[in-house]
Amino acid sequence: MLGQHLQLQSVLTGRAVAFTRPGSSSAIAKTPRDGEVAVTALGLAGDEQGDLRVHGGIEKAIHHYPREHYAAWAAELGELALLQAPGAFGENLSTVGLTEQNVCLGDRFRAGTAVLEISQGRMPCWKLNDRFGVKDMSLRVQQSGRTGWYYRVLKEGVLAAGRNIELIERPHPQWSVARLSSVLFDKQVDLEVIRQCLELPLVESWRRTLSRRLEKVEVEDWAPRLQGPGQG
């Protein structure tokens, strides 16, 4: 796969606006951009996040979601209007050919003139429930493994829909995003697998989570993330 050129089908950004629950805001509704878009350490120019405690930042600068997953969601949920075009999942980049099964932690991609590195998979939250009007959408995304992933920006530049995205380095070929996420989303605690994961260059939040599991030999409560405020 190294050196293979795929096309950025869509590049999307969004502004943070008031969201569904009191006091909440979100930029999950992203729209396609034409022409070149600047890439900075914090993501795409013109893109925002509604809650910087859990979204955005250097380690979640850009979100990538595979376009091929949309067919599976349409089969499961019906032909929702949201699924007619990229952007349903708040993604910044949409492609065909890259999925959680064939990209790995630490993969480096040249996208336009920027260089991006996969930093982590997505841990879906309650905002997907409200966006889709499906009360357990975040859990469905988690259980399906169709989460997408995040990049940190190693080299700033510009990218655009129609330009290439090319894998240029793969330091951890045994650790696909799918495999790593399956550890995070496992209700069982496999101490040996967790120890293996902790040898990887994980983002600090994932390292804390797995370190706590190793210490307590139990999985944390996912309900606050998956269900959000005012639910239970």
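These questions and answers walk through a predicted model.

Me: Which residues of helix 1 are buried, and where do they lie around the axis?
Reply: The buried residues of helix 1 are His69, Tyr70, Trp73, Ala74 and Leu77. They cover an arc of only 140° around the axis. That puts them on the same side of helix 1.

Me: Which exposed residues does the face of helix 1 turned away from its buried side carry?
Reply: Buried residues of helix 1 include Tyr70 and Trp73. Turn away from that buried side to find the exposed residues. The face there carries Ala71 and Ala75.

Me: What do the buried residues of helix 1 pack against?
Reply: Trp73 and Leu77 are among these buried residues. The packing involves one strand and two helices, given here by name. The partners are strand 8, helix 2 (127–132) and helix 3 (137–144).

Me: Which residue takes a positive phi just after helix 1?
Reply: Helix 1 spans 69–77. Just after helix 1, a phi of about 95° appears. The residue is Gly78.

Me: How many aromatic pairs are there, and what is the angle between the planes of Tyr65 and Phe89?
Reply: The count comes to six aromatic pairs. One of them joins Tyr65 and Phe89, with 4.3 Å centre to centre. Stacked means planes under 30 degrees apart. This pair is stacked, and the angle between its planes is 15°.

Me: How many residues apart are Tyr65 and Phe89?
Reply: Tyr65 is in strand 8 (residues 62–66). Phe89 is in the loop between helix 1 and strand 9 (93–95). The pair links distant parts of the chain, and the separation is 24 residues.

Me: Are Tyr65 and Phe89 buried or exposed?
Reply: Buried means under 20% relative accessible area. Tyr65 has 0%. Phe89 has 1%. So Tyr65 counts as buried, and Phe89 also counts as buried.

Me: Why is the pair of Phe109 and Tyr151 edge-to-face?
Reply: The ring centres of Phe109 and Tyr151 are 6.0 Å apart. Planes over 60 degrees apart count as edge-to-face. The planes here stand at 80°, so the pair is edge-to-face.

Me: What parts does the pair of Phe109 and Tyr151 tie together?
Reply: The two parts are 42 residues apart in sequence. Phe109 is buried at 1% relative accessibility, and Tyr151 is buried at 0%. Phe109 lies in strand 10 (residues 108–111) and Tyr151 in strand 12 (residues 149–155).

Me: Which residue has its charged end over the ring of Trp73?
Reply: Trp73 belongs to one aromatic cluster with Tyr65, Tyr70, Phe89 and Phe132. A charged end sits over the Trp73 ring, 4.0 Å from its centre. That charged end belongs to Arg146.

Me: Which strands stand at the edges of the open sheet?
Reply: Three strands form this sheet in the order 7-6-13, with antiparallel pairing. Each edge strand has a single partner, so one side of each is left without a neighbour in the sheet. The edges are strand 7 (43–44) and strand 13 (157–159).

Me: What is the bridge partner of Val39 in strand 7?
Reply: Strand 6 (residues 37–40) and strand 7 pair over two bridges. Their sense is antiparallel. The partner of Val39 is Leu44.

Me: What phi does Val217 have?
Reply: Val217 lies in the loop between helix 6 (204–216) and helix 7 (223–227). Val217 is partly exposed at 49% relative accessibility. Its phi is positive, in a residue other than glycine, and is near 55°.

Key. Residues are numbered from 1 along each chain as its sequence is written. This is a predicted model: local features need pLDDT of at least 70, side-chain atom pairs count only at pLDDT 80 or more; totals for chains, interfaces and linings use all residues. Side-chain values use heavy atoms; hydrogens and water are left out. Helices (H or I, at least four residues) and strands (E, at least two) are DSSP runs, numbered from the N terminus. Buried means under 20% relative accessible area, exposed over 50%, partly exposed in between (1.4 Å probe, protein chains only). Two strands pair if DSSP finds at least two bridges between them. Rings of Phe, Tyr and Trp (its six-membered ring) pair if their centres lie within 6.5 Å; planes under 30 degrees apart count as stacked, over 60 as edge-to-face and the rest as tilted. A charge sits over a ring if NZ of Lys or CZ of Arg is within 6 Å of the ring centre and within 35 degrees of the ring normal. The arc is that of the directions from the helix axis to the C-beta atoms. Contact means heavy atoms within 4.5 Å.
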